[in-house]
Amino acid sequence: MAVVAVPFEKSPSETSSSETSSPETSSPDNLPRRDDEARARLHEVARGAAPVVLARDRAVPLPGPLDDLVPGGTVARGSVLRVTGRPGAGATTVGFELAAAVTALGEWAAAVEVDATLGPLAAAGAGVALERFAVVRRVPLARWATVIAALLDGVSLVLAEVPRGVALGDARRLEARARERESVLVVAETHGAVWPGGAAFTLHAAASAWEEHGASVVDARRLRVEVEGRGAAARPRAGELARAG
Amino acid sequence: MEGPASTRPRRTCALWCPDWPVVAARRFDPALVDTPVVVVDRGARGKVVVSASAEARAEGVAVGLRVREAEARCAGLVVLDADDAADSRAFELVVRAVEQLVPRLVLERPGQLSFPTRGPSRYFGGDDALVARIVACVRELDIANVRAGVAEGTFAAGLAARATEERGCDSVVVPVGETPAFLAPWPVTVLAGSVDATHGGGGDLVDLLARLGLRTLGVFAELPPAAVLGRFGPPGVLAHRLARGEVEHEPVATVPPDELLEAIELDPPATRVDEAAFAAKMLADRLLAHLDALGLCCARVIVEAETEHGEHFSRTWRHEGALTPSTLVTRVRWQLDAWLLTDTVTAGISRLVLAPDDLGPAVGRQLGFWGGDPAAADRAGRALARVQGMLGPDAVVTALDGGGRTPAERIRWVPWGEPREPGRVPGREPGREVPPWPGAVPGPAPARVFDPPVPAELVDAAGAPVAVSGRGEPSAPPAGLRCAVLPDGGGPLVAWSGPWAHDLRWWDTRRRRALWQVVVENGVDGAGDGAGVACLVVLERGRAAVEAVYD
C-alpha cells in the first residue's frame with residue numbers, strides 16, 4: 001500500500017503551507033481575502049482594456065448593393081443563409097459577396113466545395129481578402145458535416161456548397177453549431193441539391209445580364225437577386241447587383 | 001534615474017543553469033559526460049543548435065548554427081533532439097533543493113528560476129550570503145555550472161546572471177538602486193525575448209531600435225516615455241520600462257478573487273501525463289478566455305495539484321510579457337510531467353487548479369491595423385489545422401493570383417500554413433493587383449473554373465462545329481453551345497466575342513488553342529436585355545470545351 005504523505009487530521013490548507021514553494025501567493029486560501037475590494041480594483045484596472053461588444057458588432061454589415069436587399073443591411077451572427085440559383089445565374093458571386101463582408105472586417109471566411117470548381121479570383125473581384133479565405137476542396141460526403149462543424153468553430157463565415165444526400169439531422173446540428181459559435185453558415189444550392197434545414201433568408205440569383213465593352217461581351221454585369229425569408233425578411237424583395245467589368 | 005517607489009520593481013534573484021538541455025541530457029545518460037554534445041530544435045531555418053556543451057563550444061559550435069555546420073566544425077559531435085519535458089523533469093530536482101531555502105519560487109523555463117530576495121536575504125544575512133548559499137546548494141546536486149544574479153526586477157536579474165560569464169564569477173549582485181546603471185551598457189537585442197512573447201514582432205522592434213541608432217538600453221531609456229508610446233506603441237512602452245529598470249506594468253496589488261481560479265476534479269484520477277495535460281489544456285483555455293473577457297492578462301500562473309492521498313503541490317510559472325494559450329499549456333504540461341514522472345506524487349492527480357497571478361490590464365493586445373484580430377486568426381488557424389488533420393494537408397488551401405492568360409492558369413492554390421509568396425509574379429508592383437498579361441482573356445474573373453475543361457459543342461447557325469484556322473480566323477460565327485454544365489444543356493447564343501488565339505508552345509505547331517467568350521440564352525423569361533449564362537469556351541485540336549462559367 002502506498003504511503004499516505006499527509007496525516008489524516010491535517011486539513012489540506014495546512015499541508016499546503018508545508019508542501020508548497022510559495023505559501024503566500026500559491027495558496028490563496030490562507031490569506032485574509034478581501035474579494036470585494038480585489039474585484040473592484042481589478043475592474044478599475046481592466047476598465048480601459050476590457051473589450052466592449054456592442055449589439056451592432058454582433059451582426060455583419062453587408063457592403064454595397066446587398067445592403068438594400070437584406071433587411072437591416074446586416075447578417076446576424078449565428079444565422080444560416082441560403083443562396084440559390086441556376087448555374088450561370090450568379091449564385092456563386094452572391095456567396096462571394098457575403099464572404100467579402102466578413103473578410104472586410106478583418107475576420108476569416110472559408111468555403112467548402114463539392115467538385116473543386118470554385119474560381120477564387122472571382123472572389124477577389126467581389127472584394128474577398130484571399131489571404132483570409134480558405135477553401136476546402138473535394139470533401140467526401142461522409143465527412144462533410146464534420147468539416148463544416150470544425151470550420152464553424154474557428155471562422156466567422158462558412159460558404160458551404162450543398163452536396164446531394166445531406167441528412168436533416170446533420171443540417172439541424174450545423175444550424176445549432178452556427179448559433180452556438182456565432183458564425184454565419186451560407187449554404188449554396190449550386191449543385192442541384194437542396195439544403196434540408198432552415199435558413200433565416202434565401203438569396204436567389206435569378207439571372208445575370210451582360211453588357212458588351214470593347215472586344216469582350218462579358219464585361220459589366222447586372223445580377224438580379226431576390227430575397228425572401230422569415231421574420232423581418234418575410235416581404236420578398238428584389239434588386240440588382242451591378243458590377244462594372 | 002531612480003523612479004518613484006511604485007514603479008521600482010522588487011529585488012529579485014535569478015538562478016540560471018546555462019545550457020540546461022545539455023546538463024539534463026547528461027544526467028539521464030552519463031555516457032555523454034566529457035563528450036561534445038549539442039541539443040537541436042526545429043527553427044525557422046530547419047534544425048538549429050539551441051544548446052551546446054563546453055567541449056562543443058571549444059570547437060567553434062555556437063547556438064543558432066545549423067546541425068550540418070555544427071557537425072562539420074566538431075568531429076564526434078553527439079546531436080540530441082530537444083525534449084523540454086525531460087529538461088523540466090531534471091530541473092525539478094534543482095527546484096526542490098532551492099525551495100528548501102527560499103519561498104515563492106517562480107519558474108521561467110527549465111534551467112531558469114527567480115524569486116524575490118527581500119525576506120531570504122535578511123534571513124541569510126544579505127544578498128551575497130543568500131546567493132552563495134543557493135549556489136552551493138545547487139552545486140551539491142552535481143550541477144557544476146550554475147549562476148545567479150540579483151537586481152531589481154526579473155529582467156535585470158536575468159541579465160545579472162548572464163553577466164557572470166563575462167566577469168568570470170558565479171554570481172553578480174547589483175547594488176540597490178544601481179539597476180538602471182547596470183542595464184545601460186547592454187545592447188537592445190536583449191529585449192527581444194521579453195517583448196516578443198506578448199506582442200509578436202519583438203524582434204522587429206529591436207531591429208528598428210538598432211537601425212535608429214538606439215543600440216544600448218541606456219540610450220533607449222533616455223527617451224521620454226510619451227514619445228516612445230507615440231512612436232512604438234504598447235510594445236515599445238514595455239521595452240522602455242524594462243530598459244529603465246521599471247516594472248513591466250503597474251502592479252495590481254491584489255490577490256485574484258476566487259472566481260478567477262479555474263479548477264477541475266479528475267475522476268478517475270490522472271496518473272498519466274497526457275490525461276492530466278488534456279484536462280490542463282481545457283483549464284488553460286477557460287482561464288485565458290475569462291481573463292480576456294475582463295480585459296486582463298496575467299504574467300504568472302500558479303499550477304496546483306491534489307492527489308488521491310491528499311498531497312498538495314503548487315508551483316508558479318512565469319513567462320516574459322504575458323502568458324498566451326500555447327505558452328501557458330506548455331508550462332502546465334512541463335510541471336505535470338515533472339510531478340508525475342519523478343515520483344513526486346504517490347497517487348493519481350485528483351484535482352487540478354490554475355490560478356492567475358500578477359494580473360495587469362491587457363493593453364498590449366489590440367486589433368491589428370491591417371491583418372485583423374490576432375485572436376481571430378489564431379482561432380481560424382486552429383480550425384483549419386483540424387480540417388487538415390481530417391482530410392490531409394492539401395485539402396485546405398488559399399488562392400493566389402499566379403498570372404496567366406486563362407482563368408485556370410491564373411489560379412495557384414497554396415496549402416494552408418505554407419507561405420504565400422505574392423512576389424512570385426514577375427513585374428508585380430505593390431499596390432497593383434494584377435500586372436497586364438499579354439493575351440489574357442478580358443473581363444472579370446469567372447466564379448466557376450473547370451480544370452480540366454468540360455467537353456462541349458460550339459456550333460454555327462447551320463449546326464456545324466466551329467473551327468478556327470491557324471491564323472485565328474473562325475470558320476463561321478458561332479450560334480449555339482451545348483454542354484453538360486449549362487442549364488438545360490445549353491442553347492443558342494445571345495452574344496459572343498473572340499476568338500483569342502493562343503500559341504501554347506510556339507515550337508510545337510499543334511499546340512494551339514482559341515478562346516471564345518459566349519453568352520448562352522438561359523431560358524428565363526423577362527430576365528432583360530443581354531441576359532444569359534456567360535462562359536469561356538476553349539477550342540483545341542478541333543474540340544470545344546467549357547473552361548469557365550461566370551456564375
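## Exercises on a predicted model

In helix H1 of chain B, B:Trp20, B:Pro21, B:Val22, B:Val23, B:Ala24, B:Ala25 and B:Arg26 are buried. The model is predicted. The exercises below start from this helix.

**Exercise 1.** Determine whether H1(B) is enclosed or open, and find which elements cover its buried residues.

*Solution.*
- Step 1. Apply the cut-off: a residue is buried if 20 or more other C-beta atoms lie within 10 Å of its own.
- Step 2. Count along residues 20-28: seven of the nine residues of H1(B) are buried.
- Step 3. Conclude: with seven of nine buried, the helix is largely enclosed by the rest of the structure.
- Step 4. Look for the cover. It includes strands S2 (37-43), S3 (46-52) and S4 (78-81) of chain B, and also helix H4 (84-99) of chain B.

**Exercise 2.** Work out the strand order of the sheet that holds S2(B), and place H1(B) against that sheet.

*Solution.*
- Step 1. Write the order: S3-S2-S4 of chain B, an open sheet of three strands with mixed pairing.
- Step 2. Find the edges. S3(B) and S4(B) each have a single partner strand, so one side of each is left without a neighbour in the sheet.
- Step 3. Note the turn: neighbouring strands are at 40 degrees to each other on average, direction ignored.
- Step 4. Check one pair. S2(B) and S3(B) are antiparallel and share six bridges. Within S3(B), B:Lys47 is the bridge partner of B:Arg42.
- Step 5. Add the helix. H1(B) packs on this sheet and touches S2, S3 and S4 of chain B. The direction of H1(B) makes about 120 degrees with that of S2(B).

**Exercise 3.** Describe the burial of strand S1 of chain B and identify strands that pair with S1(B).

*Solution.*
- Step 1. Count the buried residues. Six of the six in S1(B), residues 11-16, are buried, so the strand is largely enclosed by the rest of the structure.
- Step 2. Recall the general rule: in a regular strand, side chains alternate between the two faces of the sheet.
- Step 3. Sort the residues by direction. B:Arg11, B:Cys13 and B:Leu15 point one way. B:Thr12, B:Ala14 and B:Trp16 point the other way. All are buried.
- Step 4. Take one partner: S7(B), residues 147-152, runs antiparallel to S1(B), with six bridges.
- Step 5. Take another: S6(B), residues 112-116, is also antiparallel to S1(B), with five bridges.
- Step 6. Use B:Thr12 as a marker. B:Thr12 stands opposite B:Ala151 in S7(B) and opposite B:Pro116 in S6(B).

**Exercise 4.** Extend the view from S1(B) to its whole sheet, and locate the edges and a helix that packs on the sheet.

*Solution.*
- Step 1. Write the order: S8-S7-S1-S6-S5-S11-S10-S12-S9 of chain B. This is an open sheet of nine strands with mixed pairing.
- Step 2. Go to the ends. S8 (171-173) and S9 (262-270) of chain B each have a single partner strand, so one side of each lacks a neighbour in the sheet.
- Step 3. Note the turn: 25 degrees on average between neighbouring strands, direction ignored.
- Step 4. Check S5(B), residues 106-109. Three bridges join S5(B) to S6(B), and the two run antiparallel. B:Leu107 has B:Leu113 in S6(B) as its bridge partner.
- Step 5. Add the helix. H14(B), residues 325-341, packs on the sheet and touches S10 (296-307), S11 (312-318) and S12 (349-361) of chain B. The direction of H14(B) makes about 25 degrees with that of S10(B).

Key:
Residues numbered from 1 in each chain as written. Chains lettered and ligands numbered in written order. Predicted model: local features only at pLDDT ≥ 70, side-chain atom pairs only at ≥ 80, totals over all residues. Buried ≥ 20, exposed ≤ 12 C-beta atoms within 10 Å, placed from the backbone. Helix = DSSP H or I, 4+ residues; strand = E, 2+ residues; numbered from the N terminus. Contact = placed C-beta atoms within 7 Å. Pairing = 2+ DSSP bridges. Axes fitted to C-alpha atoms, helices over the stretch in contact; angles between N-to-C directions.
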